[in-house]
Amino acid sequence: TNCVTISMDDLQIENDVALGDIVMLVGQVNNAFNTSMEVGVTVQSESRTTGRVQMVCSAFFIFVALDPNGKKQKVVPIVPQSVEEKHNYALAGERRAIRLKKRQLL
């Protein structure tokens, strides 16, 4: 299954990345809807000299699943297991409702 990014929400930049730092990206599927999914992404940097790790930024990406012909395709639902996953799952549903409401207003 292919996916395309259709939007990015709530980019929060907290710190700069220094030249030579190691950059780490971590993504997690927060919720899967009908044909789309929300992926939360955090970016951290690690100083090569001190080993200090700091949060750089975070954002929510919305991807749509596509079949081989480029048509929207249903995604497999996810089942959150941990308390944190359940929390992120619920918040992703709330953010989706806000995105859909915004789309109606435009």
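Contact here means heavy atoms within 4.5 Å. With that in hand, A32 is a good place to start: leaving aside neighbours within four places in sequence, A32 is in contact with M37, V75, V76, P77 and I78. This is a predicted model, in which local features need pLDDT of at least 70 and side-chain atom pairs count only at pLDDT 80 or more, while totals for chains, interfaces and linings use all residues. Residues are numbered from 1 along each chain as its sequence is written, and side-chain values use heavy atoms, with hydrogens and water left out.

**Fold and dimensions**
- The chain has one helix and four strands, taken as DSSP runs (helices H or I, at least four residues; strands E, at least two) numbered from the N terminus.
- Their order along the sequence is β-β-β-β-α.
- The radius of gyration is 16 Å, well over the 13 Å that the globule rule gives for 106 residues, so the chain is more spread out than a compact globule; the radius is taken over C-alpha atoms, and the rule is 2.2 Å times the number of residues to the power 0.38.
- Along its principal axes, the C-alpha trace spans about 45 × 35 × 30 Å.

**Core and burial**
- Of the 106 residues, 29% count as buried (under 20% relative accessible area, 1.4 Å probe, protein chains only).
- A32 also belongs to the largest nonpolar core, joined there by M37, V39, V41, V43, V56, C57, A65 and V75; such a core is a set of buried Ala, Val, Leu, Ile, Met, Phe, Trp, Tyr and Cys residues joined through side-chain atoms within 4.5 Å.
- β3 (36-46) and β4 (53-66) each supply at least two residues of this core, and the largest share, four residues, comes from β3.

Terms used:
Buried < 20%, exposed > 50% of the residue type's maximum accessible area, 1.4 Å probe, protein only.
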